[in-house]
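Grab a coffee and open the viewer. Below are a few short exercises, each with a worked solution.

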Amino acid sequence: MTAVHESLMTIEEFEELARAADRITEGVRLEFIDGKLGAKAVPDGDHSRIMQWLIRIFLTARPDLFLTPEQGLKIERYRKGRARPDGALADADAFVGQGEWAAAGAVLLVVEITSDDQDTERRDRVEKPRAYADTGIPVYLLIDRDTCEITVHSEPNQARYDRILTVPFGSVVQLPEPVDVTLDTGALKDWVR
């Protein structure tokens, strides 16, 4: 039997709160995952450099796609929620006309890069893999600067990914279909805390 809980607020209330937070503070971004309000730290310089590295790789290997930083996604297949992954890989026009919170149906891969905050364990390693798998996003790429590892989640099956591969920074990783890009993660060693 699945546990059911009531959300603290509606999606509309969350979106209004998130807009207000963006106007008031520069150091935090809000998310609403599995009916719970969460805060995400604003990226530091190394975090941003990793995103630049990934964007360049995807532009070169898959010019038909674009890795969009910080695109808000609706992740409500079985739950009501809003997430703002560090990157969302999709067709370049996938988010045109959708506003701040876009449907996730066209997303092939989401990227999260761990930040120096207390919620990383719960958010990036537990809640987001479940939420992204629930939504049917084919690949979830976690770049974990705390453990110096990269984890590739693939083959979503409702509330989980059936295939999970974790390797240390410096390894060569093949991202599975539909992404089909090889990452040589040696450069990540330069951007750890």
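**Exercise 1. Work out how strand β8 is paired and how well it is covered.**

Step 1: Begin with β6 (residues 87-91), which pairs with β8 in the antiparallel sense over 3 bridges. Strands here are DSSP runs of E at least two residues long, helices are runs of H or I with at least four residues, and both are numbered from the N terminus. Two strands pair if DSSP finds at least two bridges between them. Before going on, note that this is a predicted model, where local features need pLDDT of at least 70 and side-chain atom pairs count only at pLDDT 80 or more, while totals for chains, interfaces and linings use all residues. Residues are numbered from 1 along each chain as its sequence is written, and side-chain values use heavy atoms, with hydrogens and water left out.

Step 2: Pick out a residue on each partner. Gly-87 stands opposite Val-111 in β8. Over in β9, Val-111 has Leu-141 as its bridge partner. The strands β8 and β9 run parallel and are joined by 5 bridges.

Step 3: Check the burial. Buried means under 20% relative accessible area, exposed means over 50%, and partly exposed is in between (1.4 Å probe, protein chains only). In β8 (residues 109-113), 5 of the 5 residues are buried, so the strand is largely enclosed by the rest of the structure.

Step 4: Split the strand by face. In a regular strand the side chains alternate between the two faces of the sheet. Leu-109, Val-111 and Ile-113 sit on one side of β8, Val-110 and Glu-112 on the other, and all are buried.

**Exercise 2. Track down the unusual backbone spots.**

Step 1: Recall the usual case. Most residues other than glycine have a negative phi, and most peptide bonds are trans.

Step 2: Look for a cis bond. The one from Glu-177 to Pro-178 is cis, with omega near 10°. Pro-178 belongs to the loop between β12 (172-175) and β13 (181-184).

Step 3: Look for positive phi. Cys-148 is not a glycine, yet its phi is positive, at about 55°. You'll find Cys-148 in the loop between β9 (139-144) and β10 (149-157), and it is partly exposed at 32% relative accessible area. Gln-158, also not a glycine, has a positive phi of about 60° and lies in the loop between β10 and β11 (160-168).

**Exercise 3. Compare the surroundings of Ser-154 and Pro-168.**

Step 1: Place Ser-154. This serine is in strand β10 and is buried, with a relative accessible area of 5%.

Step 2: List its contacts (heavy atoms within 4.5 Å). Leaving aside neighbours within four places in sequence, Ser-154 meets Pro-138, Val-139, Tyr-161, Asp-162, Arg-163 and Pro-176.

Step 3: Turn to Pro-168. That proline is in strand β11 and is partly exposed, at 47%. Not counting residues up to four places away in sequence, Pro-168 touches Cys-148, Glu-149 and Thr-185.

**Exercise 4. Inspect the aromatic rings.**

Step 1: Count the pairs. There are 2 aromatic pairs in the structure. Rings of Phe, Tyr and Trp (its six-membered ring) pair if their centres lie within 6.5 Å; planes under 30 degrees apart count as stacked, over 60 as edge-to-face and the rest as tilted.

Step 2: Classify one. The ring centres of Tyr-132 and Tyr-140 are 5.2 Å apart and the planes are at 65°, so this pair is edge-to-face. Tyr-132 is buried at 0% relative accessible area, and Tyr-140 is buried at 0% too.
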